[in-house]
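Open the model in your viewer and show it as a cartoon. The stops below say what to select next and what is there.

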Amino acid sequence: MAFDTYLIFLVTTIVVVLTPGAAAITAAGQGAANGWARAQSGVTGIASANVIYFLLSATGIASLIVASHLLFQIVKWVGVAYLVWLGLHAIFSPAGAFTVRRDGPQAGLAALFAKGFIIEIANPKALLYFAAILPQFLNPDIPILPQLAIMGATTLLIDLSTYTTYAGLGSYLARGGVRPWVMRVFNKTAGGALIFAGLRMVNVSAP
């Protein structure tokens with residue numbers, strides 16, 4: 001594929017992934033509560049969900065899902081409900097989204113992976129991004145598979161590095177001995193951001 005086309009895809013994907021959202025909050029929260037190393041399970045879950053969306057888009061299935069009003073609505077409303085629930089949990093739970101103490105039981109690796117995966121797989125914006133944007137960068141006059149392999153590997157690398165960074169920030173925040181009232185503010189802010197993200201999903205519609 002043309003190098004300038006690849007650069008446009010690269011910059012576009014970086015901007016989309018770097019924009020803080022539910023996945024970033026989840027990665028940071030897992031890093032704060034479970035440490036950077038264990039939070040990699042959640043990061044892998046987020047990246048795995050995006051790999052599935054990428055493969056679906058590459059095979060044209062994502063376009064069919066977007067075209068189906070019922071399937072798209074199911075994905076959207078599952079995402080809305082889950083994000084709102086996570087937001088309320090972060091605001092009202094004693095633990096919240098970010099916890100400083102790690103002397104209690106930590107979440108299992110499978111649970112961390114599942115939470116990261118569900119957060120991203122229930123995000124219709126990720127579905128729309130890959131279904132609508134990915135085909136724009138493909139050149140039908142040259143072999144398709146190498147182009148998809150390059151963009152798929154790039155997307156996976158960006159996902160892993162970005163959400164690993166968010167997990168590291170959460171872990172660093174927890175190690176810093178932050179005062180409890182500061183963490184309460186973080187929890188309520190994170191919870192509000194999750195609820196806001198969920199409510200914004202209500203207005204997401206297929207093109």
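**Stop one: helices α1 and α8**

Select helix α1 (residues 3-18) and helix α8 (residues 144-175): their axes come within 10 Å and cross at roughly 30°. Axes here are lines fitted to C-alpha atoms, for helices over the stretch in contact, and angles run from 0 to 180 degrees between N-to-C directions. The pair α1 and α8 is therefore roughly parallel (under 35 degrees counts as roughly parallel, over 145 as roughly antiparallel, 65 to 115 as roughly perpendicular and the rest as oblique). The crossing of α1 past α8 is right-handed (the near helix is turned clockwise from the far one by less than a right angle; anticlockwise would be left-handed).

Now show side chains. On the α1 side the contact (heavy atoms within 4.5 Å) includes Tyr 6, Phe 9, Leu 10 and Thr 13, and on the α8 side Thr 154, Thr 155, Ile 158 and Tyr 163 are among the residues involved. By class, this contact has 11 nonpolar, 4 polar and 1 charged residues (Ala, Val, Leu, Ile, Met, Phe, Trp, Tyr, Cys and Pro count as nonpolar, Asp, Glu, Lys and Arg as charged, and the others, Gly among them, as polar).

This is a predicted model, in which local features need pLDDT of at least 70, side-chain atom pairs count only at pLDDT 80 or more, and totals for chains, interfaces and linings use all residues. Residues are numbered from 1 along each chain as its sequence is written, and side-chain values use heavy atoms, with hydrogens and water left out.

**Stop two: single residues**

Pick Thr 13 in helix α1. Is Thr 13 buried or exposed? Its relative accessibility is 1%, so Thr 13 counts as buried (under 20% relative accessible area; exposed is over 50%, partly exposed in between, with a 1.4 Å probe and protein chains only). Beyond its neighbours within four places in sequence, Thr 13 is in contact with Tyr 129, Thr 155 and Ile 158.

Move to Tyr 163 in helix α8, which is buried at 6% relative accessible area. Leaving out residues up to four places away in sequence, Tyr 163 touches Val 17, Ala 23, Ala 24, Ala 27, Val 43 and Ile 46. Draw a C-alpha to C-alpha distance from Tyr 163 to Pro 20: it is 9.9 Å, for two residues 143 apart in sequence.

Then go to Arg 175, also placed in helix α8. Arg 175 is exposed, with 56% relative accessible area. Its C-alpha atom is 8.0 Å from that of Ala 32, and the two are 143 residues apart along the chain.

**Stop three: helices α3 and α6**

Select helix α3 (residues 36-58) together with α6: the axes come within 7 Å and cross at roughly 35°. This crossing is right-handed. Residues in the contact include Gly 42, Gly 45, Ala 49 and Tyr 53 of α3, with Leu 112, Phe 113, Gly 116 and Phe 117 of α6. The contact of α3 with α6 divides into 9 nonpolar, 7 polar and 2 charged residues.

**Last stop: the whole chain**

Zoom out and colour by pLDDT (the predictor's confidence in each residue, from 0 to 100). The chain has a mean of 79, with 85% of its residues at 70 or more. Among its elements, helix α4 (residues 61-67) has the lowest mean, 71, and helix α6 (residues 109-121) the highest, 92.

The chain holds 9 helices and 0 strands (DSSP runs, H or I of at least four residues for helices and E of at least two for strands, numbered from the N terminus). Of its 207 residues, 44% count as buried. Among contacts with a separation of 6 or more, 89% join residues 24 or more positions apart.
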